[in-house]
Amino acid sequence: MDGKADDADINLRALIFALLALACGHMLSTLLRTIPAISLDVMAADFHTPPQTLASLTSIYHFAFAASQIPVGAAMDRFGVRPVSLSLLCGTIIGALASGLATGPESFLFGQFLLGVATSGMLMCPMTLAAKQMSAARFGLWSGIILSIGNVGMLLSASPLAFVVEFWGWRAGFWISAGFGAVVAVAVFLLVPKQSTAQADLSSPLTQMAEVLRIGLSRPLRGLIALALVSLAASLVLRGLWGGPWLMEIKGLNRIEAGNVLGLFTLALIAGPALMGLLDRRFGHRREMLAATHGFAAVVLAVMAAGAPHYPLAELLGVTFVPSQVDAALFVLTGVAVSTQPLLYGMTRQLVDAQNAGKALSAINLAFFLGTALIQSATGVVATIFGLPAVLLFVAASLIIGAIVFLMCT
């Protein structure tokens, strides 16, 4: 009995180390996708392109990321997590180098496309391994932990990246990311076990990819898909793109100060998923918690927008604009509220068997990043025509609509 217990402990430790190595790949992904938030202005100046135009171009990352979910989800069920993860990490290193070498909007667009494809499975790799090896109850907790570890990448792209950009230029962020990718690839090679042939899905690739779409469009998942389309977009559009311009252009902060505020936002995004995973394990009520927190996030964003110059809250308080310290608190509240995203993975895992876990989770991830791409593209137009406060209101309205459809369909 003691020998079996020891073997179980060893297997659990090995699984945890493997998940941590794969979660570092997700950390790299979040770092790369949020670099423009703190360096958009200098990149636009370097490329002689308006920031709004460059912001719209960066949405190619999310479109490529979303489109790649279908083949990546099928590949993980067919070949296993380890070879897919290593292949994607190699592609990420190449994409980071290509982005750092970009000389204009076109070449930067190409680099972002490569990164979107290559980082598309960085979250799904640890999620799929956990879903296949853990019970549904334990998976709910670990999905939150994986997201929290991954969101550390956004912390790296806040004040630390602001410092790098200020002293070494925006390209250095991509060079550092490429080096980090190489380290993660070595860790995955050493720590992630090979998947046995008996566990693999050996149906044809086209059948597997069609199954990802079928699962995603199935009636049980429709409400989850609706909320996923707006959920991640709320945090990434702010943290990955418009948070920096909002703080620098509307609130008058310098780059380092804006990075510090975005760092607080990121800390909320790091602590939030693990906290929500613990609350879910203790109290349950996933559906109600998801709807309530996303509705609350919408209200917070509307309040933030109302504090801009000549907007109602600033006029009511008799100030030019609401102080940035208030924005910092509102960013933190938004980060905690939208951190219920792991519960969508947990609800999905309850609805499918382990054999289809990779496909089902990829369908949800497809919705997360397709929604981010669509909303980010739209916010570029909104910012150009109506200004940055309207971007916050647009995201808030999206959250309200997503929460309502989620409640109606679940």
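**A buried leucine, a cavity and a nonpolar patch**

L330 counts as buried because its relative accessibility is 12%, where buried means under 20% relative accessible area with a 1.4 Å probe and protein chains only. The model is predicted, with local features needing pLDDT of at least 70 and side-chain atom pairs counting only at pLDDT 80 or more, while totals for chains, interfaces and linings use all residues. Residues are numbered from 1 along each chain as its sequence is written, and side-chain values use heavy atoms, without hydrogens or water.

L330 sits in helix α16, residues 324–337; helices are DSSP runs of H or I with at least four residues, numbered from the N terminus. Leaving out residues up to four places away in sequence, L330 touches V300, V303 and M304 (contact: heavy atoms within 4.5 Å). F265 is 65 residues from L330 along the chain, and their C-alpha atoms are 8.7 Å apart.

The interior also holds enclosed space. There are 3 cavities of 30 Å³ or more, a cavity being a set of points on a 1 Å grid over the protein atoms alone where a 1.4 Å probe fits but cannot get out. The largest cavity has about 150 Å³ of space. Its lining has 18 residues, and L147, N151, L232, S235 and Q341 lie nearest its centre. Elements giving two or more residues to this lining include α8 (136–156), α12 (219–250) and α17 (341–351).

On the surface, F17, L20, V186, F189, L190 and L191 make a nonpolar patch of about 590 Å². Patch residues have over 30% relative accessible area and no salt bridge, and nonpolar side chains are joined within 5 Å; a salt bridge is a side-chain nitrogen of Lys or Arg within 4 Å of a carboxyl oxygen of Asp or Glu. Helix α10 gives the largest share, 4 residues, and F189 lies in α10.

Key: Patches are made of residues with over 30% relative accessible area and no salt bridge: like charges are joined within 9 Å, nonpolar side chains (Val, Leu, Ile, Met, Phe, Trp, Tyr) within 5 Å. Accessible areas come from the Shrake-Rupley method with a 1.4 Å probe; for residues, only the protein chains shown count as cover. Buried means under 20% relative accessible area, exposed over 50%, partly exposed in between (1.4 Å probe, protein chains only). On a 1 Å grid over the protein atoms alone, a cavity is a set of points where a 1.4 Å probe fits but cannot get out, and a pocket is an open set with protein on both sides within 12 Å along at least five of seven lines; lining residues have an atom within 4 Å of a point. Grid points are joined across faces, edges and corners, and a volume is the space filled by probe spheres set on the points.
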